[in-house]
Amino acid sequence: MRHIVLMLALCLVSLAGQAQSKGNIPQMLERAEKALYSSGATIVEFSSTMGDKSGKMGPTEKGMMYLQGDAFRLEMGTLTAVYQGGTLSYYDSSEATFTISRPSADELMLINPLYFLRSRAKGFAPQSLSVTSSQEVVRFTPQQKSNVKHVDATFNQGSGLPSQLIFLAKDGGRLIANIPQIKRRAAYPQSFFTLSADSYPGCEVVDLR
């Protein structure tokens, strides 16, 4: 009988800990949004790796992301992309193409893995996977139809900032984004988040809107 009581007590302590952790997720998401999207701009240094459904991972690419309100700018390898007002424009120097599109929510997350935190992960059901004194890992599962199965995000307990995001697609593919450094600075002019095909003479323009 004493063993049964002890087991029940341990289960209750475990459940209480899970409830406390789950209850802290909204506060943690609020801190993350403020840290990333408060006044001014945020400069994010990151590296990303994509893998196919067999588990084979591709090369790691480094890049810079500039966040400012709903707008962002991505610079990675041969690609320069800007997003503003629901429109994505990007130039790929390796193919000399300038593309304009209105990306879906799934496409937007793959281009900017931090964007879903702009709305405090609205549309996702969060679940705490692990908690330590230094970090917490939270799984976000889409509540609506999506090609993303779930997102596992690691947050720093001190700063509230994410240090890693892992996106798992329903077909088994994955995107791993590591974030070693995040800085704040004064706001950029709106022109920083605008690209024009006129700036790239001779490029092929692809309009997918």
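## Pockets, a cavity and strands: worked exercises

Among the elements lining the second largest pocket, α2 gives the largest share, with four residues. Keep that in mind as we work through the exercises; the model is a predicted one.

**Exercise 1. Describe the overall make-up of the protein chain.**

Step 1. Begin with the elements: the protein chain has two helices and twelve strands.

Step 2. Put them in sequence order, and the pattern reads α-β-β-β-β-β-β-α-β-β-β-β-β-β.

Step 3. Turn to burial. The protein chain has 209 residues, and 40% of them are buried.

Step 4. Look at the contacts with a separation of 6 or more: 49% of these link residues 24 or more positions apart.

Step 5. Finish with the surface. The accessible surface amounts to about 12000 Å², and carbon and sulfur atoms hold 54% of that area.

**Exercise 2. Work out how β1, β2 and β3 are joined.**

Step 1. Take β1 and β2 (residues 61–68): these strands run antiparallel and are joined by seven bridges.

Step 2. Pick out one pair between them. Ser47 has Lys62 in β2 as its bridge partner.

Step 3. Go on to β2 and β3, which are also antiparallel, with six bridges joining them. Here Gln68 faces Ala71 of β3.

Step 4. Inspect the turn. The hairpin of β2 and β3 has two residues between the strands, and Gly69 in this hairpin has a positive phi near 60°.

**Exercise 3. Is Ser48 buried or exposed, and which residues outside its sequence neighbourhood does Ser48 touch?**

Step 1. Place the residue: Ser48 belongs to strand β1, which spans residues 41–51.

Step 2. Apply the cut-off. A residue is buried when its relative accessible area is under 20%. Ser48 has 12%, so Ser48 counts as buried.

Step 3. List the contacts, setting aside neighbours within four places in sequence. Ser48 touches Pro59, Thr60, Glu61, Met76, Leu175, Ile176 and Ala177.

**Exercise 4. Which residues other than glycine have a positive phi, and how accessible are they?**

Step 1. One of them is Ala96, with a positive phi of about 50°. Ala96 sits in the loop that connects β5 (87–92) and β6 (97–101).

Step 2. Check the accessibility of Ala96. Its relative accessible area is 30%, so Ala96 is partly exposed.

Step 3. Another example is Arg120, whose positive phi is near 55°. Arg120 lies in the loop between α2 (105–111) and β7 (124–131).

Step 4. Check Arg120 as well: at 39% relative accessibility, Arg120 counts as partly exposed.

**Exercise 5. Find the enclosed space and characterise its lining.**

Step 1. Recall the idea behind the search: rolling a probe the size of a water molecule over the atoms reveals where empty space remains.

Step 2. Count the cavities: the structure has one of 30 Å³ or more. The largest cavity holds about 70 Å³ of space.

Step 3. Name the lining. The largest cavity is lined by Val44, Phe46, Met65, Asn112, Pro113, Leu114, Leu165, Ala177 and Ile179. Two or more of the lining residues come from each of β1 and β11 (174–185).

Step 4. Sort the lining by class: eight residues are nonpolar, one is polar and none is charged.

Step 5. Link back to Exercise 3. Ala177 lines the largest cavity, and Ala177 is also among the contacts of Ser48.

**Exercise 6. Describe the largest pocket and the second largest pocket, giving volume, lining and residue classes.**

Step 1. The largest pocket has a volume of about 450 Å³. It is lined by 18 residues, and those closest to its centre are Met50, Glu61, Met76, Leu79 and Leu110.

Step 2. Assign this lining to elements. Two or more residues come from each of β1, β3 (71–76), β4 (79–84), β5 and α2. The largest share is that of β1, at four residues.

Step 3. By class, the lining of the largest pocket comprises 13 nonpolar, three polar and two charged residues.

Step 4. For the second largest pocket, the volume is about 340 Å³. Its lining has 15 residues, with Ala105, Met109, Lys122, Gly123 and Phe124 nearest the centre.

Step 5. By class, this second lining divides into seven nonpolar, five polar and three charged residues.

Step 6. Bring the elements together: α2 supplies the largest share of the lining of the second largest pocket, and α2 is also among the elements giving two or more residues to the lining of the largest pocket.

Technical notes
Residues are numbered from 1 along each chain as its sequence is written. This is a predicted model: local features need pLDDT of at least 70, side-chain atom pairs count only at pLDDT 80 or more; totals for chains, interfaces and linings use all residues. Side-chain values use heavy atoms; hydrogens and water are left out. Buried means under 20% relative accessible area, exposed over 50%, partly exposed in between (1.4 Å probe, protein chains only). Contact means heavy atoms within 4.5 Å. On a 1 Å grid over the protein atoms alone, a cavity is a set of points where a 1.4 Å probe fits but cannot get out, and a pocket is an open set with protein on both sides within 12 Å along at least five of seven lines; lining residues have an atom within 4 Å of a point. Grid points are joined across faces, edges and corners, and a volume is the space filled by probe spheres set on the points. Ala, Val, Leu, Ile, Met, Phe, Trp, Tyr, Cys and Pro count as nonpolar, Asp, Glu, Lys and Arg as charged, and the others, Gly among them, as polar. Accessible areas come from the Shrake-Rupley method with a 1.4 Å probe; for residues, only the protein chains shown count as cover. Two strands pair if DSSP finds at least two bridges between them.
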